[in-house]
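Me: I have a structure open and want to go through it piece by piece. Can you take my questions as they come?

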Amino acid sequence: MTSKRFRTDDLETIKKLTEALGEKLWEHALVVLTFANEVPLSPTKKTDDVPEATAFNNRVLAFKKAINKHLKSSDASATEVGQIIFGAKNLEYQIEEFVSSGGQTVNILLSGKTGVGKSYLTNALIGENVAAEGYDIDPQTDNVTAYEVVKNGISITVFDTPGLADATGNDEEYLRKIKEKVTHLDLFLFCTEMTSRRFRTDDLETIKKLTETLGEKLWEHALVVLTFANEVSLLPAKKKGNVPEVTFFNDRFLAFKKAIKKHLVAIGVPEITVTNVPFTPAGELDDPRLPDREDWLTAFWIAAFKRINRNAKSCFPNGKCRPYFIFFRLC
Ligand SMILES: Nc1nc2c(ncn2[C@@H]2O[C@H](COP(=O)(O)OP(=O)(O)OP(=O)(O)O)[C@@H](O)[C@H]2O)c(=O)[nH]1
Ligand SMILES: [Mg+2]
């Protein structure tokens, strides 16, 4: 990952491997970018003014793009290669891991402020318009509803919930309903918009109330979803600044991550739990591309199953003895 360029010897190496072992090799491939720890020391990073994380992410993307481009120009079919690079194979792997560990069902709880796109995401996960979405300024969902779908033989239940901080003063009642109806969960999706100008009091309050009501262990099962990610590049701040779209997007993503993690630590969630909370962006279904990825929904499922699989592994560190899936019981 520290080479100045993606060079002829890399191209030749890929070509020779493909010719000798067949293009199917790439169906099982994971590209490992080595010497990643030395990227911040590279002269290009030192001379310009971009933050370390941004420079690092841009470099990962540049390598990904270059390798993808080169693979496409070889004999492998473009779609196949696209899938390898952008994650469908990785999703298959995560699902296999889940099923082979004895996983059969997944219970997902969505929560967050009103209007952040919980019902929209519910519909995206179920793959059908089952939950009513709001189109005006009033809060839409006022009950906790379970929606079910079977995907890859896995029975998935998504609990859509009323938005918190909706100015009706009903938060306590909503939280009581969540506790009552969601008796166990494998994955908790905390949703917040990636387009907010600031990370505000209503987000902080929402996080605090959820933690007080459902316990700090909730965050051991959390995946934070930054919604409306497709609208980030329309923000006035993007229009004013001259930074590339992907840099603006990555910076914003990291800023939300930092703010949310800082707040979780401030309210007493253990640092190790906070460090392990993953984040993923969500956009629209019609055009699933985002500045940093081809398909946010595939990337979402990968992050979701990775999160669930990791929790199961941490219970059985040798990864061998996992007779049943560990989930979190809401008490
Ligand atoms: N462009 C875009 N629109 C979205 C996205 N998420 C939600 N929307 C739209 O935003 C509006 C509000 O979304 P909802 O899913 O109803 O929000 P909610 O969080 O369920 O709201 P409450 O039920 O009031 O808590 C709807 O018109 C959605 O179609 C997104 O990621 N991108
Ligand atoms: Mg809703």
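**Confidence, core and central strands**

Reply: Starting with confidence: this is a predicted model, and the protein chain averages a pLDDT of 85, with 87% of the residues scoring at least 70.

Me: Which elements have the lowest and the highest mean pLDDT?

Reply: Helix α4 (residues 78–86) has the lowest mean, 43, and strand β6 (residues 222–227) has the highest, 98. Over residues 75–86 the pLDDT is below 50, and this stretch has 22 contacts in the model beyond near neighbours in sequence. Residues 315–331 also stay under 50. For residues 315–331 the model has 31 contacts beyond four places in sequence.

Me: Next topic. How many residues does the largest nonpolar core have, and which have the most contacts inside it?

Reply: That core has 61 residues, and Ile108, Leu187 and Leu189 have the most contacts inside it. Helix α12 (residues 296–315) gives the most to this core, with 10 residues.

Me: What does leucine 189 touch?

Reply: Leaving out residues up to four places away in sequence, Leu189 touches Ile108, Leu109, Leu110, Leu223 and Val225.

Me: And strand β5, why is it largely enclosed?

Reply: Seven of the seven residues of β5 (residues 187–193) are buried, so the rest of the structure largely encloses it. Leu187, Leu189, Cys191 and Glu193 are buried on one side, and Phe188, Phe190 and Thr192 on the other.

Me: Why do they split by side like that?

Reply: In a regular strand the side chains alternate between the two faces of the sheet.

Me: What does β5 pair with?

Reply: Strand β1 (residues 105–112) pairs with β5 in the parallel sense over five bridges. Six bridges join β5 to β6, and these two also run parallel. Phenylalanine 190 in β5 stands opposite serine 111, and its bridge partner in β6 is valine 224. The chain crosses from β5 through α8 to β6, in a right-handed β-α-β crossover.

Me: Now helices. Where are the buried residues of α7?

Reply: The buried residues of α7 (residues 171–181) are Tyr174, Leu175 and Ile178. Seen down the axis of α7, they fall within an arc of 95°, so they line one face of the helix. On the other side of α7, Glu172, Glu173 and Glu180 are exposed. The cover over the buried residues includes α8 (201–214).

Me: How many residues of α6 are buried?

Reply: Eight of the nine residues of α6 (residues 118–126) are buried, so the helix is largely enclosed by the rest of the structure. Among them are Lys118, Ser119, Tyr120 and Asn123. Just after α6, glycine 127 takes a positive phi of about 85°.

Terms used
Residues are numbered from 1 along each chain as its sequence is written. Chains are lettered from A and ligands numbered from 1 in the order in which they are written. This is a predicted model: local features need pLDDT of at least 70, side-chain atom pairs count only at pLDDT 80 or more; totals for chains, interfaces and linings use all residues. A residue is buried if 20 or more other C-beta atoms lie within 10 Å of its own, exposed if 12 or fewer, and partly exposed in between; C-beta atoms are placed from the backbone. Helices (H or I, at least four residues) and strands (E, at least two) are DSSP runs, numbered from the N terminus. The arc is that of the directions from the helix axis to the C-beta atoms. Two residues are in contact if their C-beta atoms, placed from the backbone, lie within 7 Å. pLDDT is the predictor's confidence in each residue, from 0 to 100. A nonpolar core is a set of buried Ala, Val, Leu, Ile, Met, Phe, Trp, Tyr and Cys residues joined through C-beta atoms within 7 Å. Two strands pair if DSSP finds at least two bridges between them. A crossover is right-handed if, with the strands pointing away from the viewer, the path from the first strand over the helix to the second runs clockwise.
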